[in-house]
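Biologist: I should like to learn how a structural model is read, feature by feature. May we take one example and work through it in order?

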Amino acid sequence: MQLQDRVAVVTGAAQGIGRAVAEAYAAEGARVAVVDVLAEDAEKVAEGIRARGGQALAVPCDVSSRDEVNRAAAEVKEAYGPIDILVSNAGVTRPAMLHKMTDEQWDQVIAVHLSGSFYWLQAVVHDMIERESGRIVFTSSSTAQNGSIGQVNYASAKSGMLGMMRSAARELGRYNILVNAVAPTAATEMTLKVRTDPRFADGIKRLPLRRYAEPEEIAPTFVYLASAASSYVTGQVISVDGGGMMVR
């Protein structure tokens, strides 16, 4: 198993890509903290992992709150020990055209994606530095690289995560902490509105694979970035987007 006895935190793990990543990590031997603001759904994911013989703990957490992040990180460490892997995946969408977007819509998306990623990064990095080992993976988006109509807040947050990722990779490389990002295309319940909006009907036709991904098709890239196979990979964005970046 590629992640045997590693302790992994996956935020936004109650559904979609986060769920698929948590399940894939557990299948590879990791002890997984299923972190999500949706406590009941997170527990269902953790129960499913345990039913299949894996190790998982549901940890309720609103990632936009530093206090909740610190409390959740302490809970994981108490249960499993120091955190080896962080997947910063929690996200929300609040679509609106630029001229109609409210401060609340902007603030909510930035708080969850960008501030939440920063809070979790700080919550785990001290132990990783002390141990001179760690893997951090951000879930960005093809939207960060291409932009998207009605998604100025989301694209800005996901672009900001890439800047955070690259800066962290530069700072932390000397401690053998690898920091990377995965940029998938729309694949989950969260992006259903975008995928089904008539304004974006031509989007799928531009993908060479002519279909959107399933979360389980994206999760293996996260496994790779957490495993020994990626030991010389840091500061990178891996697009898992059906060839979308190729034809932008």
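Biologist: Leaving aside its neighbours within four places in sequence, with which residues is Tyr 119 in contact?

Modeller: A note on provenance comes before the reply: this is a predicted model. Beyond its neighbours within four places in sequence, Tyr 119 is in contact with Val 63, Ser 64, Ser 65, Arg 66 and Val 69. Tyr 119 itself belongs to helix H4. Arg 66 illustrates how sequence and space can be compared, since its C-alpha is 5.8 Å from that of Tyr 119 while the two are 53 residues apart in sequence.

Biologist: Why does Tyr 119 count as buried?

Modeller: The decision rests on relative accessible area, with buried meaning under 20%. Tyr 119 has 17% relative accessibility and therefore counts as buried.

Biologist: Which helix does H4 meet around this residue, and how do the two axes cross?

Modeller: A helix pair is read from the approach of the axes, the angle and the residues that meet. The axes of H3 and H4 (residues 103–131) come within 9 Å and cross at roughly 35 degrees. The crossing of H3 with H4 is right-handed. From H3, the residues taking part are Arg 66, Val 69, Asn 70, Ala 72, Ala 73 and Lys 77, and they meet Phe 118, Tyr 119, Trp 120, Gln 122, Ala 123 and Asp 127 of H4. Sorted by class, this contact has 7 nonpolar, 2 polar and 3 charged residues.

Biologist: How many helices and strands does the whole chain have?

Modeller: The protein chain has 9 helices and 7 strands. Of its 248 residues, 51% are buried. For contacts between residues at least 6 apart in sequence, 70% join residues at least 24 apart.

Biologist: In what order do the strands lie in the sheet, and in which sense do they pair?

Modeller: In general, the strands of a sheet pair through backbone hydrogen bonds, in either a parallel or an antiparallel sense. Here 7 strands form an open sheet with parallel pairing, in the order S3-S2-S1-S4-S5-S6-S7. Strands S3 (55–60) and S7 (237–240) are the edges, each pairing on one side only. From one strand to the next, the twist averages 20 degrees.

Biologist: Over how many bridges do S1 and S2 pair?

Modeller: S1 and S2 pair in the parallel sense over 5 bridges; Val 7 has Arg 31 of S2 as its bridge partner. S2 is mostly covered, with 5 of its 6 residues buried. S1 (residues 7–11) also pairs with S4 (residues 85–88), in the parallel sense and over 3 bridges. In that pairing, Val 9 stands opposite Leu 86 in S4.

Biologist: Which strands do H1 and H3 touch or lie across?

Modeller: Helix H1 (residues 16–27) packs on the sheet and touches S1, strand S2 (31–36), S4 and strand S6 (177–184). The direction of H1 makes about 170 degrees with that of S1. Helix H3 (residues 66–80) lies across S1, S2 and S3, and runs at about 155 degrees to S3.

Biologist: Why are H1 and H9 described as oblique to each other?

Modeller: The axes of H1 and helix H9 (residues 215–226) come within 8 Å and cross at roughly 55 degrees. An angle from 35 up to 65 degrees lies outside the roughly parallel and roughly perpendicular ranges, and H1 and H9 are therefore oblique. Their crossing is right-handed. Among the residues that meet are Ile 17, Val 21 and Tyr 25 in H1, and Ile 218, Phe 222 and Val 223 in H9. The contact of H1 with H9 has 11 nonpolar, 1 polar and 2 charged residues.

Biologist: Where is Ser 141 found, and is it buried or exposed?

Modeller: Ser 141 is found in the loop between strand S5 (134–139) and helix H5 (142–146). At 5% relative accessibility, Ser 141 counts as buried. Its contacts beyond four places in sequence are Tyr 154, Lys 158, Val 182, Ala 183 and Pro 184.

Biologist: Which backbone angle deserves attention at Asp 5 and Asn 176?

Modeller: The angle is phi. Asp 5 has a positive phi of about 70 degrees although it is not a glycine; it is placed in the segment before S1. Asp 5 is partly exposed, with a relative accessible area of 45%. Asn 176, likewise not a glycine, has a positive phi of about 60 degrees. Asn 176 lies in the loop between helix H6 (152–172) and S6, and at 43% relative accessibility it counts as partly exposed.

Methods. Residues numbered from 1 in each chain as written. Predicted model: local features only at pLDDT ≥ 70, side-chain atom pairs only at ≥ 80, totals over all residues. Heavy atoms only, no water. Pairing = 2+ DSSP bridges. Helix = DSSP H or I, 4+ residues; strand = E, 2+ residues; numbered from the N terminus. Axes fitted to C-alpha atoms, helices over the stretch in contact; angles between N-to-C directions. Contact = heavy atoms within 4.5 Å. Parallel < 35°, antiparallel > 145°, perpendicular 65-115°, else oblique. Left-handed = near helix turned anticlockwise from the far one by under 90°. Nonpolar A, V, L, I, M, F, W, Y, C, P; charged D, E, K, R; others polar. Buried < 20%, exposed > 50% of the residue type's maximum accessible area, 1.4 Å probe, protein only.
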